[in-house]
Amino acid sequence: MKHSILTWVILFVPFALGAQSILLDSAISYSTHYSPTAVGAGNFNADSRTDLAVGALYVKKDTGAIEIFIQKANNTLSQKATLFFAAENPAVKCLIVGDLNSDGFDDIAFGYDHHIGIFYQRSPGQADSLRTITLNEQVSSLKMGYFNSDTLVDLVISHPDQGKFSILYQPTAEQWDHEEVTTFSSRFSEVDVGDLNNDGKEDIVLLAGRFVDTVGLFVHYQDKNGIDPTPTVLRPKQDMMDDFYPGGIAVEDVNGEIWCDLKDIAFPHAWNRCGCFWVCGLVMAAVLNKTP
Ligand SMILES: [Ca+2]
Ligand SMILES: [Ca+2]
Ligand SMILES: [Ca+2]
Ligand SMILES: [Ca+2]
């Protein structure tokens with residue numbers, strides 16, 4: 001296998017958040033064998049340290065890969081294994097790590113082409129063979145959340161075309177029921193999950209931005225009947241978005257409103273502008289504050 005010199009930048013730039021500036025530590029770079037496109041953090045060896053899974057843009061025709069980096073006791077990473085999988089279009093578009101089946105071991109879910117792939121971790125460091133769930137549309141982003149008032153985690157997937165998103169409900173462990181939701185007619189580059197109205201139920205936020213001229217956030221609230229298919233549309237002031245398109249969103253309480261536990265929505269600019277792919281060039285461009 002050809003060893004790429006592409007590096008993966010974890011910490012790169014200071015970013016601005018309102019009037020505050022936060023200077024991150026100096027960059028730490030690790031080489032991956034294949035061009036990295038997506039990353040997720042979890043535990044792959046049952047110790048107390050967080051490890052990383054990195055999805056690849058290209059390995060070779062009909063072959064995709066997830067590279068596993070284990071965090072050592074000195075807080076550095078060591079490449080431990082590569083999970084290969086067969087696919088017609090194997091470029092990994094998005095990746096998350098979490099315990100999908102509630103067995104105590106973190107699993108890996110990722111999107112490629114119009115599929116979601118899952119590697120279940122059956123015992124520490126041992127991945128099962130690939131489980132594939134085929135959707136109707138291409139995948140641009142996926143996240144975990146709880147969307148039907150049970151205790152098993154579900155998945156939400158954004159599609160870059162057709163004004164649709166998908167929910168994979170998990171009625172019993174490792175069984176995934178696909179529901180496709182038609183929403184505002186736009187193209188979604190990213191999805192995130194958070195309780196935006198502080199009612200204890202997680203809501204879904206879709207970002208239209210990378211592929212369109214008009215930036216918008218489309219919030220689908222969850223009520224007692226489940227996810228509302230009608231979105232609430234949020235559009236930032238256009239001058240916030242001059243000269244670039246946001247590449248992703250993060251739904252977090254970024255300005256410390258812990259006292260009211262409301263979430264804010266941030267637009268990181270994660271597009272490729274300086275030769276490195278993905279995290280390089282991260283800029284916090286806008287924060288939409290919610291007030292009680
Ligand atoms: Ca670990
Ligand atoms: Ca698991
Ligand atoms: Ca569920
Ligand atoms: Ca909510």
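**View 1. Strand β11 is mostly covered.** Of its 5 residues, 4 are buried. A residue counts as buried if 20 or more other C-beta atoms lie within 10 Å of its own, exposed if 12 or fewer, and partly exposed in between, with C-beta atoms placed from the backbone. β11 spans residues 115-119. Strands are DSSP runs (E, at least two residues) and helices likewise (H or I, at least four), numbered from the N terminus. The model is predicted: local features need pLDDT of at least 70, side-chain atom pairs count only at pLDDT 80 or more, and totals for chains, interfaces and linings use all residues. Residues are numbered from 1 along each chain as its sequence is written, while chains are lettered from A and ligands numbered from 1 in the order in which they are written.

**View 2. β11 and β14 pair in the antiparallel sense.** The two strands share 4 bridges; pairing requires that DSSP finds at least two bridges between strands. G117 has T132 of β14 as its bridge partner. I116 is matched with I133 in β14.

**View 3. A hairpin links β10 and β11.** The turn leaves 2 residues between the strands. D113, in that turn, has a positive phi of about 50°. The strands run antiparallel and are joined by 5 bridges. G111 stands opposite I116 in β11, and F110 is opposite G117.

**View 4. β10 is largely enclosed by the rest of the structure.** 6 of the 6 residues in this strand (107-112) are buried. Both faces are covered. D107, A109 and G111 are buried on one side; I108, F110 and Y112 are buried on the other.

**View 5. β9 runs antiparallel to β10.** Here 6 bridges join the pair. V92 has Y112 of β10 as its bridge partner.

**View 6. Four strands make an open sheet in the order β9-β10-β11-β14.** Pairing is antiparallel. The edge strands are β9 (92-98) and β14 (131-134), each paired on one side only. From one strand to the next, the twist averages 20°. Strand axes are lines fitted to C-alpha atoms, with angles from 0 to 180 degrees between N-to-C directions.

**View 7. The protein chain around the sheet has 27 strands and 0 helices.** Of its 292 residues, 36% count as buried. Among contacts between residues at least 6 apart in sequence, 43% join residues at least 24 apart. Contact means C-beta atoms, placed from the backbone, within 7 Å.

Methods
Two residues are in contact if their C-beta atoms, placed from the backbone, lie within 7 Å.
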